[in-house]
Each structure stands twice: as structure tokens, then as C-alpha cells.
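Please walk me through this structure, beginning with a single residue and moving outward from there to the parts around it. I am new to it, and a careful account in running paragraphs would help.

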Amino acid sequence: MYNYSKLLGAMREKGITQDALAQRIGLNSATLNQKLKNNSQFKQSEMRDILACLGLTVKEIPEYFFAR
């Protein structure tokens, strides 16, 4: 089980809602919500797209997506 609290914090800092982020990366908002609740896994392309939307780099994937 992964902890996405840092990712959610970055979204808050940037003023990006889950709905807005889902739309930007081409996901249904319910699908993004399920991924953030650990009911489904993120694809690598989704991780890259999310970090790009937040102004973060690919090198930060482990920090935002693999914290336990």
C-alpha cells in the first residue's frame, strides 16, 4: 500500500483538484480517485503526466508514488 499524501499535498499547493488533474491527464475522476486510494495502480505514463502537471520532474516519481 502506497502513501500518496505528498502527491495530494503538491496538488493542494498548486491549487489543482482531483477532477482537474484527472481531466488534464485524460482519466476519469473516479479512476484517479481509486488510484489515490490504492485500489488500482498508476501506469508509468500517468505518473509522468501527473508530475508534469504539477511542475515536477520524472526523477521525483519514487518520492511521490512509492512512499509507504
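A good place to begin is Phe-65, which has a relative accessible area of 1% and is therefore buried. The model in which this is seen is a predicted one, and every value given here was computed from it. Phe-65 lies in helix H5, and its C-alpha is 6.4 Å from that of Tyr-4, although 61 residues of sequence separate the two. Apart from neighbours within four places in sequence, Phe-65 is in contact with Tyr-2, Tyr-4, Leu-7, Phe-42, Met-47, Ile-50 and Leu-51.

Helix H5 also holds Tyr-64, which counts as buried because its relative accessibility is 8%, under the cut-off of 20%. Tyr-64 and Leu-8 are 56 residues apart in sequence, and their C-alpha atoms are 9.0 Å apart in space. With neighbours within four places in sequence left aside, the contacts of Tyr-64 are Tyr-4, Lys-6, Leu-7, Ala-10, Leu-51 and Leu-56. Tyr-4 and Leu-7 are thus in contact with Phe-65, and Tyr-4 and Leu-7 are in contact with Tyr-64 as well.

From here the view can widen to the nonpolar interior. In soluble globular proteins, nonpolar side chains tend to be buried together. The largest nonpolar core in this model has 19 residues, and those with the most contacts inside it are Leu-7, Leu-21, Leu-32, Phe-42, Ile-50, Leu-54 and Phe-65. Two or more residues of this core come from each of the elements helix H1 (5-14), H2, H3, helix H4 (44-53) and helix H5 (61-65). Leu-32, one of the residues with the most contacts inside the core, touches Gln-18, Leu-21, Ala-22, Leu-27, Phe-42 and Ile-50 when residues up to four places away in sequence are not counted.

Helix H1 can be followed from its buried residues, which are Leu-7, Gly-9, Ala-10 and Met-11. What covers these buried residues of H1 includes H2, H3, H4 and H5. Just after H1 comes Gly-15, which takes a positive phi of about 70°.

The next step is to see how two of the helices are set against each other. Two packed helices are described by the angle between their axes and the distance between the axes. For helix H2 (residues 18-25) and helix H3 (residues 29-36), the packing angle is about 110° and the axes are 8 Å apart. This angle makes H2 roughly perpendicular to H3, because angles of 65 to 115 degrees are counted in that way. On the side of H2, the residues that meet H3 are Gln-18, Asp-19, Leu-21 and Ala-22, and their counterparts in H3 are Ser-29, Leu-32, Asn-33 and Leu-36. Taken by kind, the residues of this contact divide into 4 nonpolar, 3 polar and 1 charged.

Charged residues deserve a separate look. Side chains of opposite charge can pair when their charged atoms come close. How many salt bridges does the structure hold? It holds 2 salt bridges, and in one of them the side chains of Glu-63 and Lys-6 meet with a distance of 2.0 Å, N to O. Because Glu-63 lies in helix H5 and Lys-6 in helix H1, this pair ties together parts that are 57 residues apart in sequence. Glu-63 counts as partly exposed at 37% relative accessibility, and Lys-6 counts as partly exposed at 39%.

Lys-35 forms a salt bridge with Glu-46, and the closest N and O atoms of that pair are 2.8 Å apart. Lys-35 lies in helix H3 and Glu-46 in helix H4, so the pair ties together parts that are 11 residues apart in sequence. Are the residues of this pair buried or exposed? Both Lys-35 and Glu-46 are buried, with a relative accessible area of 4% for Lys-35 and a relative accessibility of 8% for Glu-46. Leaving aside neighbours within four places in sequence, Lys-35 is in contact with Tyr-4, Leu-27, Ser-40, Gln-41, Phe-42, Lys-43 and Glu-46, while Glu-46 is in contact with Leu-27, Lys-35 and Gln-41.

Methods
Residues are numbered from 1 along each chain as its sequence is written. This is a predicted model: local features need pLDDT of at least 70, side-chain atom pairs count only at pLDDT 80 or more; totals for chains, interfaces and linings use all residues. Side-chain values use heavy atoms; hydrogens and water are left out. Axes are lines fitted to C-alpha atoms, for helices over the stretch in contact, and angles run from 0 to 180 degrees between N-to-C directions. Helices (H or I, at least four residues) and strands (E, at least two) are DSSP runs, numbered from the N terminus. Angles under 35 degrees count as roughly parallel, over 145 as roughly antiparallel, 65 to 115 as roughly perpendicular and the rest as oblique. Contact means heavy atoms within 4.5 Å. Ala, Val, Leu, Ile, Met, Phe, Trp, Tyr, Cys and Pro count as nonpolar, Asp, Glu, Lys and Arg as charged, and the others, Gly among them, as polar. Buried means under 20% relative accessible area, exposed over 50%, partly exposed in between (1.4 Å probe, protein chains only). A nonpolar core is a set of buried Ala, Val, Leu, Ile, Met, Phe, Trp, Tyr and Cys residues joined through side-chain atoms within 4.5 Å. A salt bridge is a side-chain nitrogen of Lys or Arg within 4 Å of a carboxyl oxygen of Asp or Glu.
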